[in-house]
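Here's a quick briefing to keep beside the viewer. Have the structure open and follow along, starting with a pair of packed helices.

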Amino acid sequence: MTDHQTTARRFSTGRWRRLRSLRVRLIAVFAAVALLAAVSASGIAYWLNRDAVLKRAQDTALNDFRVSLTRNVSELPLNPSCAELATLASNVASSGLTYDVVVADPARPECSASSDPAHFTLADVPTALRSTVAKPREITENNPYPYHLYWQRQNLEGRPFVIGGTKVVPNGPTAYMFKSLENERADLNTLGWSLAIATLLALIGSALLAQAASATVLRPVKRLGEAARRLGEGRLDTRLEVEGSVDELADLARTFNRAAASLHEQVEELSAREAQSRRFVADMSHELRTPLTAMTAVTDILEDEAESLDPMIEPAVRLVVSETRRLSDLVENLMEVTRFDAGTAKLVADEVDIADLIMSCIDGRAWYDAVELDAPRGILAVVDPRRLDVVFANLIGNALKHGGSPVRVRVRQDGDSVVVEVSDSGPGIPEDVLPHVFDRFYKADRGRARSEGSGLGLSIAMANAQIHGGTITAANGEVGAVFTLTLPLAPPPPPSAGEAEGGPVGAAADDKDATT
């Protein structure tokens with residue numbers, strides 16, 4: 001995947017997370033509810049007003065048409081001529097309202113008259129309306145007239161009209177009225193735009209209201225998130241201000257404060273126990289150093305005289321010498337681990353050539369016949385030579401002890417860092433052991449719990465690398481295990497004011513039992 005694709009995916013993911021935020025969802029819900037309510041109210045209002053406007057317009061026109069037709073039809077003879085029909089159409093249409101009239105005689109289809117022949121003729125009347133108007137109804141007690149006034153809404157050339165029709169007399173002509181609804185449609189369009197604008201304003205208002213409501217709701221949630229973040233950073237005195245007394249957010253704040261107080265107490269108790277344990281180890285190691293110093297001096301003498309001792313006693317003497325030195329190394333390692341745990345270990349940094357430092361480590365321990373070194377000179381780094389010597393001694397010694405020679409040490413510069421790879425010729429590290437090789441006292445073979453090493457060497461090496469701002473990784477290469485040390489060339493940040501100078505590290509190569 002290219003950098004551009006990775007950036008695009010991160011941008012898309014971030015945008016999707018923002019769209020799924022609680023604020024956006026609250027605004028969306030408020031907007032959806034407001035839009036639904038506004039559209040429903042506007043739709044109902046529009047249709048009610050539309051029916052009222054159209055009904056009022058058509059009822060007014062039809063009533064006026066009926067009255068005008070009744071008033072003018074009395075002057076029409078029994079067998080009117082075409083001219084008389086035209087006069088009737090003009091007279092009926094000349095009432096106060098604006099509509100046009102078409103008069104037709106069923107007995108003489110060719111003789112039809114219109115108040116506006118250029119725009120309205122009998123052909124413009126809907127067939128269904130003409131059929132209904134011409135059909136008589138049964139005369140009953142509730143229906144004394146066979147013919148009635150009927151109407152229909154129709155669009156003519158894109159313009160809305162209400163068309164009404166009735167027979168003048170049973171055997172007489174039929175009159176039709178054309179009333180334009182253009183004004184009503186314009187009024188309804190204006191009403192529709194007004195309702196649409198009102199809906200839009202309601203939507204905007206709901207979004208603003210949702211923003212205000214979400215800010216009110218999310219402000220305590222944001223404060224809770226910040227408090228949880230500070231608590232996770234170790235600021236255990238973090239507490240929330242409780243606002244209100246009975247609402248859910250106040251209960252949440254009180255619950256958080258109780259949880260933070262309980263966590264604070266537990267962490268303080270655990271910290272006190274841990275400090276007590278570290279102090280115990282430090283005190284114990286310190287107290288052991290004095291008798292160990294004397295024992296070491298005695299064992300040195302015994303070792304020098306071992307060859308002149310009784311052959312039955314010599315193995316016991318050599319065992320005492322070996323175990324005393326092992327115990328001395330273990331005490332020194334424990335003291336160094338205690339310094340790291342207490343945060344009192346610090347660097348005494350100097351600019352050194354990494355190749356020279358590795359050569360000094362190899363020569364000082366007489367490993368030059370078993371180690372292949374590929375280290376170009378001129379790679380300078382600001383490090384603590386003593387602590388870095390401990391790291392090299394542990395990595396190379398561990399490779400020699402468990403991987404076997406030849407051990408290859410390769411140094412290279414990678415940008416602002418120096419990389420040191422230590423590889424051996426052994427079978428490698430089991431996959432289930434790899435995650436634990438830097439753990440304290442970890443033994444790959446639990447059946448060999450007692451070995452020459454203390455199980456702290458690689459752990460101390462990792463701590464020394466980290467105090468330099470670097471790290472160590474373990475992996476399996478093509479042949480054997482590979483330990484990779486990465487250190488920055490620039491000096492690490494200065495130590496805090498409370499740190500003290502760390503003591504010497506007594507271990508050189510340590511048995512981690514990580515490889516088999």
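In H8, the residues Ile 354, Leu 357, Ile 358, Cys 361 and Ile 362 meet Pro 385, Leu 388, Asp 389, Phe 392, Ala 393 and Ile 396 in H9. Sorted by class, that contact has 10 nonpolar residues, no polar ones and one charged. Keep in mind that this is a predicted model. As for the whole protein, it has 10 helices and 12 strands, and 36% of its 516 residues count as buried.

**H8 against H9**

- Helix H8 covers residues 354–364, and its axis comes within 10 Å of the axis of H9, with a crossing of roughly 60°.
- Angles from 35 up to 65 degrees fall outside both the roughly parallel and the roughly perpendicular classes, so H8 and H9 count as oblique to each other.
- The hand of this crossing is right-handed.

**H9 against H10**

- H9 (residues 385–402) also packs with H10, at an angle of about 140° and with the axes 9 Å apart.
- That angle makes H9 oblique to H10.
- Here the crossing is left-handed.
- On the H9 side, the residues involved are Arg 387, Val 390, Val 391, Asn 394, Leu 395 and Asn 398.
- Their counterparts in H10 are Gly 457, Leu 458, Ile 460, Ala 461, Asn 464, Ala 465 and Ile 467.
- By class, this contact between H9 and H10 breaks down into eight nonpolar, four polar and one charged residues.

**The five-stranded sheet**

- Five strands make up an open sheet with mixed pairing, and their order is E7-E9-E10-E12-E11.
- Which strands stand at the edges? They are E7 (371–374) and E11 (471–476); each has a single partner strand, so one side of each has no neighbour in the sheet.
- Going from one strand to the next, the twist averages 15°.
- E11 pairs with E12 (residues 481–488) over six bridges, in the antiparallel sense.
- Within that pairing, Thr 471 sits opposite Thr 486 of E12.
- H10 (residues 457–467) packs on this sheet and touches both E11 and E12.
- The direction of H10 makes about 135° with that of E11.
- H10 therefore shows up twice in this tour: besides packing on the sheet, it packs with H9 at about 140°.

**Two buried polar side chains to click on**

- Ser 42 belongs to helix H2, which spans residues 22–73.
- Is Ser 42 buried or exposed? Its relative accessible area is 13%, so it is buried.
- Setting aside neighbours within four places in sequence, the contacts of Ser 42 are Leu 195 and Thr 199.
- Asn 257 is found in helix H6, residues 248–304.
- With a relative accessible area of 14%, Asn 257 is buried, because the cut-off for that class is under 20%.
- What does Asn 257 touch, not counting residues up to four places away in sequence? The list is Arg 239, Leu 240 and Val 242.

**Contacts across the chain**

- Taking contacts between residues at least 6 apart in sequence, 66% of them join residues at least 24 apart.

Methods
Residues numbered from 1 in each chain as written. Predicted model: local features only at pLDDT ≥ 70, side-chain atom pairs only at ≥ 80, totals over all residues. Heavy atoms only, no water. Pairing = 2+ DSSP bridges. Helix = DSSP H or I, 4+ residues; strand = E, 2+ residues; numbered from the N terminus. Axes fitted to C-alpha atoms, helices over the stretch in contact; angles between N-to-C directions. Contact = heavy atoms within 4.5 Å. Buried < 20%, exposed > 50% of the residue type's maximum accessible area, 1.4 Å probe, protein only. Parallel < 35°, antiparallel > 145°, perpendicular 65-115°, else oblique. Left-handed = near helix turned anticlockwise from the far one by under 90°. Nonpolar A, V, L, I, M, F, W, Y, C, P; charged D, E, K, R; others polar.
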